Amino acid sequence: MTDKQSHTSNGAPSTLQDWPTLVARAVDDVTRILQSEAHMLQTSIGAALEIRLASAIATLTIVAVMICGAVCILCAAILLLHQWLPLWQAFGIAGVGILLVGIASYAIMKFPAEKIRGATAE
(Lines give C-alpha, C1' and ligand atoms only; values in the text may rest on other atoms or scores of the structure.)
Protein backbone atom coordinates (compact mmCIF):
# COMPACT_ATOMS: atom_id res chain seq x y z
CA MET A 1 0.00 0.00 0.00
CA THR A 2 1.47 3.30 -0.97
CA ASP A 3 0.97 6.26 1.29
CA LYS A 4 1.22 9.87 0.27
CA GLN A 5 2.01 12.38 2.98
CA SER A 6 0.53 15.83 2.90
CA HIS A 7 0.42 18.50 5.57
CA THR A 8 -2.68 20.24 6.84
CA SER A 9 -2.80 23.91 7.79
CA ASN A 10 -1.66 23.20 11.35
CA GLY A 11 1.41 21.23 10.21
CA ALA A 12 0.18 17.70 11.16
CA PRO A 13 0.65 15.07 8.45
CA SER A 14 -2.48 13.42 7.01
CA THR A 15 -2.34 10.11 5.16
CA LEU A 16 -3.96 9.88 1.75
CA GLN A 17 -4.51 6.27 0.72
CA ASP A 18 -4.14 5.04 -2.82
CA TRP A 19 -7.81 4.02 -3.34
CA PRO A 20 -7.39 1.87 -6.47
CA THR A 21 -4.77 -0.23 -4.66
CA LEU A 22 -7.03 -0.62 -1.62
CA VAL A 23 -9.97 -1.67 -3.75
CA ALA A 24 -7.81 -4.14 -5.71
CA ARG A 25 -6.53 -5.68 -2.48
CA ALA A 26 -10.05 -5.92 -1.04
CA VAL A 27 -11.31 -7.63 -4.19
CA ASP A 28 -8.31 -9.99 -4.13
CA ASP A 29 -8.95 -10.85 -0.46
CA VAL A 30 -12.65 -11.50 -1.08
CA THR A 31 -11.77 -13.66 -4.10
CA ARG A 32 -9.32 -15.74 -2.05
CA ILE A 33 -11.87 -16.14 0.76
CA LEU A 34 -14.55 -17.27 -1.71
CA GLN A 35 -12.14 -19.70 -3.36
CA SER A 36 -11.18 -21.25 -0.02
CA GLU A 37 -14.84 -21.52 1.01
CA ALA A 38 -15.68 -23.20 -2.31
CA HIS A 39 -12.79 -25.62 -1.82
CA MET A 40 -13.97 -26.47 1.72
CA LEU A 41 -17.53 -26.98 0.45
CA GLN A 42 -16.30 -29.24 -2.35
CA THR A 43 -14.25 -31.28 0.13
CA SER A 44 -17.13 -31.70 2.58
CA ILE A 45 -19.61 -32.58 -0.17
CA GLY A 46 -17.16 -35.13 -1.58
CA ALA A 47 -16.72 -36.78 1.82
CA ALA A 48 -20.48 -36.84 2.43
CA LEU A 49 -21.07 -38.31 -1.02
CA GLU A 50 -18.52 -41.07 -0.42
CA ILE A 51 -20.20 -41.97 2.89
CA ARG A 52 -23.66 -42.04 1.29
CA LEU A 53 -22.43 -44.12 -1.61
CA ALA A 54 -20.78 -46.67 0.68
CA SER A 55 -23.96 -46.86 2.75
CA ALA A 56 -26.11 -47.35 -0.35
CA ILE A 57 -23.87 -50.12 -1.64
CA ALA A 58 -23.96 -51.88 1.74
CA THR A 59 -27.75 -51.56 1.90
CA LEU A 60 -28.20 -52.93 -1.63
CA THR A 61 -25.91 -55.85 -0.83
CA ILE A 62 -27.92 -56.67 2.30
CA VAL A 63 -31.20 -56.44 0.38
CA ALA A 64 -29.84 -58.73 -2.36
CA VAL A 65 -28.72 -61.32 0.22
CA MET A 66 -32.14 -61.17 1.92
CA ILE A 67 -33.94 -61.64 -1.41
CA CYS A 68 -31.76 -64.67 -2.18
CA GLY A 69 -32.58 -66.10 1.25
CA ALA A 70 -36.30 -65.52 0.75
CA VAL A 71 -36.19 -67.26 -2.64
CA CYS A 72 -34.41 -70.24 -1.08
CA ILE A 73 -37.00 -70.48 1.70
CA LEU A 74 -39.80 -70.26 -0.86
CA CYS A 75 -38.24 -73.04 -2.94
CA ALA A 76 -37.83 -75.18 0.16
CA ALA A 77 -41.50 -74.66 1.07
CA ILE A 78 -42.57 -75.59 -2.45
CA LEU A 79 -40.45 -78.74 -2.41
CA LEU A 80 -41.85 -79.64 1.02
CA LEU A 81 -45.41 -79.27 -0.28
CA HIS A 82 -44.42 -81.31 -3.35
CA GLN A 83 -43.93 -84.35 -1.16
CA TRP A 84 -47.74 -84.51 -0.66
CA LEU A 85 -49.06 -82.60 -3.71
CA PRO A 86 -48.23 -82.33 -7.39
CA LEU A 87 -45.67 -79.65 -8.21
CA TRP A 88 -48.16 -77.25 -9.81
CA GLN A 89 -50.35 -77.32 -6.68
CA ALA A 90 -47.34 -76.67 -4.45
CA PHE A 91 -46.42 -73.63 -6.57
CA GLY A 92 -50.03 -72.46 -6.50
CA ILE A 93 -50.27 -72.67 -2.72
CA ALA A 94 -46.95 -70.85 -2.30
CA GLY A 95 -48.09 -68.13 -4.75
CA VAL A 96 -51.41 -67.64 -2.96
CA GLY A 97 -49.58 -67.44 0.36
CA ILE A 98 -47.21 -64.77 -0.93
CA LEU A 99 -50.11 -62.86 -2.46
CA LEU A 100 -52.00 -62.89 0.86
CA VAL A 101 -48.91 -61.65 2.72
CA GLY A 102 -48.53 -58.83 0.18
CA ILE A 103 -52.19 -57.79 0.48
CA ALA A 104 -52.01 -57.87 4.27
CA SER A 105 -48.81 -55.78 4.24
CA TYR A 106 -50.42 -53.24 1.92
CA ALA A 107 -53.51 -53.00 4.13
CA ILE A 108 -51.38 -52.54 7.26
CA MET A 109 -49.36 -49.79 5.58
CA LYS A 110 -52.51 -48.01 4.43
CA PHE A 111 -54.15 -48.18 7.85
CA PRO A 112 -53.24 -44.94 9.67
CA ALA A 113 -51.01 -45.28 12.72
CA GLU A 114 -53.31 -42.96 14.70
CA LYS A 115 -56.20 -45.41 14.46
CA ILE A 116 -53.93 -48.19 15.71
CA ARG A 117 -52.83 -46.08 18.68
CA GLY A 118 -56.44 -45.03 19.37
CA ALA A 119 -57.65 -48.63 19.30
CA THR A 120 -54.99 -49.80 21.75
CA ALA A 121 -55.66 -46.91 24.15
CA GLU A 122 -59.34 -47.82 24.54
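Colleague: What makes the contact of Asp 28 with Arg 32 a salt bridge?

Modeller: In this predicted model, the side chains of Asp 28 and Arg 32 meet at 2.5 Å, N to O. The cut-off is a side-chain nitrogen of Lys or Arg within 4 Å of a carboxyl oxygen of Asp or Glu. The pair Asp 28 and Arg 32, at 2.5 Å, therefore counts as a salt bridge.

Colleague: Where do Asp 28 and Arg 32 lie?

Modeller: Both are in helix α1, four residues apart, which is about one turn of the helix.

Colleague: Why is Asp 28 called partly exposed?

Modeller: Asp 28 has a relative accessible area of 37%. Buried means under 20% and exposed means over 50%, with partly exposed in between. Asp 28 at 37% is therefore partly exposed. The partner, Arg 32, is also partly exposed, because its relative accessible area is 48%.

Colleague: What makes Asp 28, Asp 29 and Arg 32 a network?

Modeller: Arg 32 also meets the side chain of Asp 29 in a salt bridge, at 3.1 Å, N to O. Asp 29 and Arg 32 are three residues apart in helix α1, again about one turn of the helix. Arg 32 thus has a bridge to Asp 28 and a bridge to Asp 29, and the three residues are linked in a network of salt bridges. Asp 29, at 38% relative accessibility, counts as partly exposed.

Colleague: How many salt bridges does a search of the whole structure find?

Modeller: The search finds two.

Colleague: Why is α1 called oblique to α2?

Modeller: Helix α1 (residues 19-82) and helix α2 (residues 87-110) pack at an angle of about 135°, their axes being 8 Å apart. Roughly perpendicular covers 65 to 115 degrees, and roughly antiparallel needs over 145. An angle of about 135° falls in neither class, so α1 is oblique to α2. The handedness of the crossing of α1 and α2 is right-handed.

Colleague: Which residues make the contact of α1 with α2?

Modeller: From α1 come Leu 74, Ile 78, Leu 81 and His 82. From α2 come Leu 87, Ala 90, Phe 91, Ile 93, Ala 94 and Ile 98. By class, that is nine nonpolar, one polar and no charged residues.

Colleague: What is known of Leu 80?

Modeller: Leu 80 is in helix α1. Leu 80 counts as partly exposed because its relative accessibility is 44%, between the 20% and 50% limits. Leu 80 and Ala 90 are 10 residues apart in sequence and 8.3 Å apart in space, C-alpha to C-alpha.

Colleague: What pattern does the protein follow along the sequence?

Modeller: The pattern is β-β-α-α-α, with three helices and two strands.

Colleague: How much of the protein is buried?

Modeller: Buried residues make up 2% of the 122 residues. As for contacts between residues at least 6 apart in sequence, 7% join residues at least 24 apart.

Note on methods:
Residues are numbered from 1 along each chain as its sequence is written. This is a predicted model: local features need pLDDT of at least 70, side-chain atom pairs count only at pLDDT 80 or more; totals for chains, interfaces and linings use all residues. Side-chain values use heavy atoms; hydrogens and water are left out. Axes are lines fitted to C-alpha atoms, for helices over the stretch in contact, and angles run from 0 to 180 degrees between N-to-C directions. Angles under 35 degrees count as roughly parallel, over 145 as roughly antiparallel, 65 to 115 as roughly perpendicular and the rest as oblique. A crossing is left-handed if the near helix is turned anticlockwise from the far one by less than a right angle, and right-handed if clockwise. Contact means heavy atoms within 4.5 Å. Ala, Val, Leu, Ile, Met, Phe, Trp, Tyr, Cys and Pro count as nonpolar, Asp, Glu, Lys and Arg as charged, and the others, Gly among them, as polar. Buried means under 20% relative accessible area, exposed over 50%, partly exposed in between (1.4 Å probe, protein chains only).
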